[in-house]
Amino acid sequence: MSTSLMYLLLRQVLQMLSQLARAAGAKDVEILVRRHQVAVLRRQVHRPGGR
């Protein structure tokens, strides 16, 4: 009984840690995507002549 309880607790802890790691990774990916979008938009903007 105690072995199965310890197994379930360990499984829950590992699952929560993996979700936290995934959330951080997703955040990093979103930042990279947004930076790329900004770079693309900057290239598309018509800049006035500097005279």
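Two exercises with worked solutions follow, both about a predicted model. Residues are numbered from 1 along each chain as its sequence is written, and side-chain values use heavy atoms, without hydrogens and water. Because the model is predicted, local features need pLDDT of at least 70 and side-chain atom pairs count only at pLDDT 80 or more, while totals for chains, interfaces and linings use all residues.

**Exercise 1.** Work out how many helices and strands the protein has, and what its radius of gyration is.

Solution. Begin with the DSSP runs, where a helix (H or I) needs at least four residues and a strand (E) at least two, numbered from the N terminus; the protein has 1 helix and 0 strands. Next, take the radius of gyration over C-alpha atoms, and set it against the globule rule of 2.2 Å times the number of residues to the power 0.38: the protein has 23 Å, whereas a compact globule of 51 residues would have a value near 10 Å. Finally, the C-alpha trace spans about 80 × 15 × 5 Å along its principal axes.

**Exercise 2.** Find which side chains meet in a salt bridge, and decide whether Glu30 is buried or exposed, or partly so.

Solution. First apply the rule, which asks for a side-chain nitrogen of Lys or Arg within 4 Å of a carboxyl oxygen of Asp or Glu; the count comes to 1 salt bridge. That pair is Glu30 and Arg34, at 3.6 Å from N to O, and both residues lie in helix α1, 4 residues apart, about one turn of the helix. Then turn to relative accessible area (buried under 20%, exposed over 50%, partly exposed in between, with a 1.4 Å probe and protein chains only): Glu30 is partly exposed at 44%, and Arg34 is partly exposed at 47%.
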